[in-house]
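Here are a few short exercises to work through. Have a go at each task before you read its solution.

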Amino acid sequence: MKSPKQVWLWFAGTRVGRSIFRVGLPESNLGRMQAMVSSFLLHLHPAKVHRHSLQFSSTLGLGLISLYLFLLLCITGVALMFFYVPSPEHAYDNMKDLEFVVSAGMIARNMHRWSAHLMVLCVFLHMCRVFYTGGYKPPREFNWVVGVGLFVMTLVLSFTGYLLPWDQLAFWAITVGTNIAGYAPVIGKKIQFLLLGGNIVGESALLRFYVLHVVVLPAAVVFMVALHLWRVRKDGGLSRPGEPDVLVPQSETGRLSTNKTYGLMELARGTSPAVGLDPADELPAWPHLVFREVLLFLATMAVVMFLSVFWNAPLEEFANPAHPPNPAKAPWYFLGLQELVAYSAFWGGVVVPALLLVALVALPYLDRERAGVGVWFARERRVAVTLFTLCVVAAVILTVIGTYFRGPNWGWVWPWAASVVVPH
Amino acid sequence: MDALKRFYPWFALLGLAVGGLVLAGYYKDEFREWKRWQRDYNAQELSRAATPEQKEQARALPVEIRQIVLPGLQRVDRCTTCHLAVEDPGYAGYRQPLAYHPSHAQHPFDKFGCTICHQGQGRATEREAAHGRVAHWEHPMLAMKYIEASCAKCHAATDLPRSPLLARGRALFDEQGCIGCHKLGGFGGNLGPELDRVGAKRSPEWLAKHFKSPAELVTGSSMPPVKRSDADVTALTLFMLGQTGERLTEYYVSMKTIPGPELGQRLFSQKGCIGCHTVGGKGGKVGPPLDDVTKRRAPDWIVKHFRDPASVSPETVMPKYNFTEPEIRALAAFLGSLTGADISAFMKIPSQASPIERGRAVYLKFGCGGCHGANGEGGVPNRNARANQQIPALTAANDVADVFLESFVTEGIPDPAKLDPNGPKPPIYMPAFGDKISEGELADLISYLRSLQPAPNEKP
């Protein structure tokens with residue numbers, strides 16, 4: 001009986017094995033570096049990672065979880081596309097068929113639905129993490145902007161997918177959501193018309209949302225994620241305290257590089273030539289990073305599977321333009337916005353969200369404080385942390401009110417008193 | 001790597017969790033209720049098999065989703081996934097879901113499926129969902145007590161000898177004068193909501209309760225309660241349930257005319273056959289009398305004659321009517337039923353009725369009885385109206401000149417006199433019928449109203 005490792009070593013040694021894996025199972029630090037650099041999937045990683053970046057408490061794994069959820073969404077989404085026709089006559093029946101006759105159809109739909117909600121949540125939390133650890137400070141300003149773009153795209157992706165089941169929930173959530181877009185001055189109505197392909201949610205709106213959801217936005221997100229990850233590498237890895245790193249004499253990896261000012265796939269920052277030097281406190285990404293990534297993927301998968309096995313994605317009655325539910329609610333992540341709109345369509349629906357978005361984009365360029373990178377809630381950043389926290393708390397409170405405390409005619413209800421329509 | 005050893009338990013735990021959840025998902029997906037019923041059925045078939053070939057067939061029975069795809073009805077009915085024996089009389093008296101469905105010859109399953117009559121959720125393959133008793137499904141299975149309602153989706157309520165409750169409901173609908181306030185099929189008043197899709201919107205329980213006490217379910221409703229027996233309320237409910245406004249494609253619409261004598265009789269009067277032919281001595285003399293035509297001619301000759309009269313009697317002046325084959329069968333059946341019957345027994349010839357009779361028909365047509373009582377006796381409450389807070393009886397017409405009576409009908413009384421001048425407007429008012437009623441109908445209606453007033457010596 002051979003151990004899996006022995007089987008692996010045997011296979012990697014055959015001609016076929018060698019043609020696939022350029023390096024065998026690494027035995028030395030040099031081998032570990034080579035494994036990372038020579039593999040297509042692994043070369044997205046640095047060959048060596050700083051100890052700080054490996055610590056779970058530095059990142060909570062939120063960016064990676066978001067990426068995993070996006071991959072899960074792509075896979076389940078393609079599976080669902082085989083069973084879906086984007087037309088009002090068929091869409092709802094397709095949902096019923098997924099539930100009742102397609103093998104694993106309901107599980108696939110559940111996984112897609114819950115992953116989508118989790119992704120909105122994780123991308124938002126990831127943004128909060130980067131803020132609270134000062135990760136947007138130079139040289140990573142632009143990557144923060146890319147991240148804000150990805151956050152907005154995540155919301156739009158989820159929103160466009162919301163319409164596709166063509167039930168009451170979908171129809172009225174999109175009606176409410178696109179109405180909010182219509183409040184913008186001058187161009188609002190035009191944007192709404194462009195999105196819907198008409199003045200109300202109908203056949204052309206479904207087709208447009210479908211094309212946006214399965215082609216345009218995923219392609220754009222793939223590009224933006226690639227850019228985001230590339231910038232992480234080029235900006236010197238994850239932010240951490242004490243940048244630029246202290247340089248120490250190169251270990252055995254040094255044999256690869258004798259006349260360059262960078263170590264293996266890792267910029268060594270500084271003004272003096274750093275020949276033969278490496279950043280201190282770094283570990284080979286194989287296996288320290290790769291193992292943690294696999295672990296995080298398993299955890300993500302476990303949560304998604306748990307939700308999908310025990311809770312079905314909602315499906316209400318067939319969409320009926322003549323029967324609005326009362327209240328008609330947008331998807332949950334827009335309910336804070338809808339709550340604001342209830343106070344004032346122009347200020348709540350246009351000015352406040354626009355200002356918030358501009359503030360998010362401009363944040364790394366406005367914040368002149370250089371200290372506090374890589375530390376949670378750094379003392380030097382008390383003002384910034386307080387302001388950001390206020391905004392987050394306000395957003396959460398508004399969303400919770402919109403979700404649980406609003407009943408017919410957007411009147412106040414206690415969640416335990418009456419049956420409140422909670423959109424899923 | 002020793003540094004990673006502390007993660008190994010986590011790795012094992014999460015790996016097991018994901019594996020277990022994948023298995024749980026597979027179990028949920030794979031083991032479905034309907035498979036059990038199919039195995040039961042297959043075992044049943046095997047036990048019934050007598051010959052080796054039958055046994056072979058029974059063993060080869062698959063376990064698979066069965067469905068009837070009905071593009072014309074925009075349905076997919078998977079009911080037969082569990083109800084496997086609906087077409088096998090050998091299963092008569094079996095317990096559901098393996099029971100036989102009696103008498104379906106006129107509505108073959110492959111053309112009609114199940115849910116067009118029974119409702120429920122045809123696409124579903126789980127019991128509660130399929131029977132429509134789950135949240136967010138608007139059409140739960142129709143109780144058998146109301147099943148005749150489904151006939152009305154395709155058939156006229158009065159066509160069918162086998163749906164007496166539906167016909168009773170239709171008759172009550174006319175008698176109660178519902179049409180005075182409600183529109184059905186584009187005809188009727190504006191005081192209440194349209195009823196064309198009411199069967200798709202309301203549950204049987206709601207409708208039955210609403211007939212008995214409308215204001216309890218619809219706040220501020222001014223509809224008078226229907227004071228009838230429970231059986232009548234059920235019939236009315238059933239008729240309402242049939243009004244679903246579903247549009248069926250051509251195949252099913254053509255099936256709605258049952259080629260029986262009733263349809264033949266309707267066609268006979270619609271096409272004006274009586275203009276040239278006599279029945280029971282009445283009618284035109286251009287063509288031969290038709291009372292005994294089925295004795296004189298062979299059935300085949302009659303059918304050919306309806307298709308193209310000149311094909312069997314070259315000298316004929318009778319035009320070719322382009323009847324459909326079901327219509328020809330219906331007309332032939334009707335002619336066969338004549339044999340000397342008195343025409344007035346089955347054909348209403350308007351000119352032969354008296355103006356009062358015709359006026360009574362107009363009274364029913366416009367649903368006047370809904371407010372003024374089945375025979376003009378009044379009595380429907382109208383809050384804050386003068387005259388006893390009731391809609392007035394029509395026996396008071398004697399003091400009013402014809403011209404005023406006519407204007408009441410054509411222009412209506414949008415603002416009836418109030419008991420309390422400062423009180424609210426009475427909820428019901430006399431609508432204007434001017435754009436609906438013809439001059440002849442109006443004259444006949446006035447004759448009928450005059451007939452209601454007491455003779456001068458009975459005057460109080």
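## Exercises on a predicted model

**Exercise 1.** Work out what share of the contacts in chain B with a separation of 6 or more comes from residues 24 or more positions apart.

*Solution.* Keep in mind that this is a predicted model. Start with the contacts in chain B that have a separation of 6 or more, then pick out those between residues 24 or more positions apart: they account for 57%. Next, look at burial: of the 460 residues in chain B, 27% are buried. To finish, go through the secondary structure, which comes to 23 helices and six strands in chain B.

**Exercise 2.** Find how chain B is split into domains.

*Solution.* Walk along the chain: domain 1 covers 33-130, domain 2 covers 144-250, domain 3 covers 257-346 and domain 4 covers 353-458. Now take the C-alpha centres of domain 1 of chain B and domain 2 of chain B; they sit 32 Å apart. For chain A, the assignment gives domain 1 (1-44) and domain 2 (53-238 + 287-410), with 38 Å between their centres.

**Exercise 3.** Describe the contact between the two chains by residue numbers and class.

*Solution.* Count each side: chain B brings 22 residues and chain A brings 23. Then sort the chain B side by class, and you get 14 nonpolar, four polar and four charged residues.

**Exercise 4.** Check how confident the predictor is about chain B.

*Solution.* First the average: chain B has a pLDDT of 83, and 90% of its residues score at least 70. Then hunt for a weak stretch: residues 340-351 of chain B stay under 50. For the model, the scores are ipTM 0.86 and pTM 0.78.

Technical notes:
Residues numbered from 1 in each chain as written. Chains lettered and ligands numbered in written order. Predicted model: local features only at pLDDT ≥ 70, side-chain atom pairs only at ≥ 80, totals over all residues. Domains from an automatic or database assignment. Helix = DSSP H or I, 4+ residues; strand = E, 2+ residues; numbered from the N terminus. Buried ≥ 20, exposed ≤ 12 C-beta atoms within 10 Å, placed from the backbone. Contact = placed C-beta atoms within 7 Å. Nonpolar A, V, L, I, M, F, W, Y, C, P; charged D, E, K, R; others polar. pLDDT = per-residue confidence, 0-100.
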